[in-house]
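Please open the structure in your viewer and keep the selection panel at hand. This tour moves from one selection to the next and says what is found at each stop.

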Amino acid sequence: MAHGHKSDEKIVYVGDSRVIKKSQEQRLIPKDYSAYPGKSEAFIPNFLLKEWMVGVVVLVGMLVLVMSDPAPLGYPADPKNTAFIPMPDWYFLFMYQLLKYPYTSGDYVVLGAVVVPGLLFGGLLLAPFLDTGKERRFYRRPIASSLMILSLIACTYLTYTSWSHYQVELKEKNIVPEHIKREEEMHANKGVAGGGGAKETKKSAAIVAADDPGAEIYKKATCLSCHGAGLKGMPASGVPALLGVGDKHPQDEILGIIKNGKGNMGKQYQANIDKGLSDADINKLAEWLSKQKAQ
C-alpha cells in the first residue's frame, strides 16, 4: 500500500480477505457449471473426454460386428463377365440411382456427378455460416428444418429405389450375386472335404471332354455365371449342377431348355446371341453338355 507518488516509495500489498486461496488439488478439480445457468462446460477435458468415451464405445461395437460377420467377397474382377451387375456400397446407393435418370446422365452427367453433389455437400459445409440464428428448436427454424427433412426423404427414396431395381434385375436375369455364390461354394467344399462321401463326389465332379470346342463356348455363354466353371451349380440357391446332365437330358432337350428356359431359369438363347455366340455355337454347346454323364 502506497501513500504518495514517489517512485522509490516502498509498496506493501495487503491481502483481500474475500479471495479464498485454493490448494493445488482444488485447482485441478474442474468447475461445476450447473450453478451457472446458460454457461457451457470446459471443452478440455470435460467435453472432449465424453466425446472420446462415446467414440470408443462405437469403435468397439464396429470391431465386434466386423469380427462376427465378415464382409462378403466376390470373385476377382473379370472384365469378360458381362453378367456381373456392379453395385456401390449402401451409403452411395442414392447417388447411384440419381445417375440413372435422364437429366443427370448422358449429356447431363456433369450435372449429376459434379454439380448436384457439390451443391449438397457444399451446403452442409456452409450451413454453420449461413444459419447463424440462436434458435435451436427445429420448428422455429423452418428453412433449415425443411431442407433437412427434404434431403432425408430424397436419400431414403433413392436408396430404396436403387436396391429394389437391383433385386428385380437379378430376378429377371436369373443371376446370383457373386458373394453369395462364393460363400455357397466355400460351404460346399468344406462339406466335401469333411464328409464321408468325398470320394464319390470327386468322381462325379469330373468334366467330360474338357478339350472339346463346346467347353470353350461354355466359357463365353451365360451358363457360366450361375453354373460355374466346374459345372457344379449352386444347389442351395436352386441352381442345379450340369455334371451328369447328359444322363437326364439329350442334346435336343438341352437345346430346348436354352431356348425356352426351365423352372426359375429364363430363356437364354437371345442372351447368348447378344454375347456374340452363333446358332451353331449354341448347338455345339448343347452337344457338349449332353456328353456330361456320370462315369
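Because this is a predicted model, every distance and area quoted along the way is computed from the predicted atoms.

Begin by selecting Cys 223, whose sulfur has its closest cysteine sulfur in Cys 226, at 8.9 Å, which is too far for a bond. Now add Cys 226 to the selection and look back along the same line: the closest cysteine sulfur to that of Cys 226 is in Cys 223, again at 8.9 Å and too far for a bond. Since a disulfide requires two cysteine sulfur atoms within 2.5 Å, this pair does not qualify because its sulfurs are 8.9 Å apart, and the structure as a whole holds zero disulfides. As for their surroundings, Cys 223 counts as buried at 13% relative accessibility, and Cys 226 is buried as well, with a relative accessible area of 8%.

Next, select Leu 224, which has its place in helix H9, spanning residues 223-227. Leu 224 counts as partly exposed, at 28% relative accessibility. If you display its surroundings and set aside the neighbours within four places in sequence, you will find Leu 224 in contact with Tyr 218, Lys 219 and Ala 229. Then add Ala 83 and draw a distance between the C-alpha atoms: Ala 83 and Leu 224 are 141 residues apart in sequence, yet 9.2 Å apart in space.

From there, go to Asp 212, in the loop that lies between helix H7 (198-204) and helix H8 (213-220). Is Asp 212 buried or exposed? With a relative accessible area of 17%, Asp 212 is buried, because the limit for that class is under 20%. Show the backbone of Gly 214 too, since the side chain of Asp 212 reaches the backbone nitrogen of Gly 214 at 2.8 Å. Selecting Trp 288 and Lys 291 next will show two residues that Asp 212 touches, when residues up to four places away in sequence are not counted.

For the last stop, turn to the surface and select Leu 99, Tyr 108, Val 109, Val 110, Leu 111, Val 114, Val 115 and Leu 119, which form a nonpolar patch with about 700 Å² of accessible area together. Within this selection, pick out Val 114, which has its place in helix H4, residues 109-130. Val 114 is exposed, with a relative accessible area of 52%, whereas Asp 212 at the previous stop is buried.

Definitions and conventions:
Residues numbered from 1 in each chain as written. Predicted model: local features only at pLDDT ≥ 70, side-chain atom pairs only at ≥ 80, totals over all residues. Heavy atoms only, no water. Buried < 20%, exposed > 50% of the residue type's maximum accessible area, 1.4 Å probe, protein only. Patch = residues over 30% accessible without salt bridge, like charges linked within 9 Å, V, L, I, M, F, W, Y side chains within 5 Å. Areas by Shrake-Rupley, 256 points an atom, 1.4 Å probe, with all protein chains shown as cover. Salt bridge = Lys/Arg side-chain N within 4 Å of Asp/Glu carboxyl O. Helix = DSSP H or I, 4+ residues; strand = E, 2+ residues; numbered from the N terminus. Polar contact = N/O pair within 3.5 Å; in protein donor to acceptor, adjacent residues only side chain to side chain. Contact = heavy atoms within 4.5 Å.
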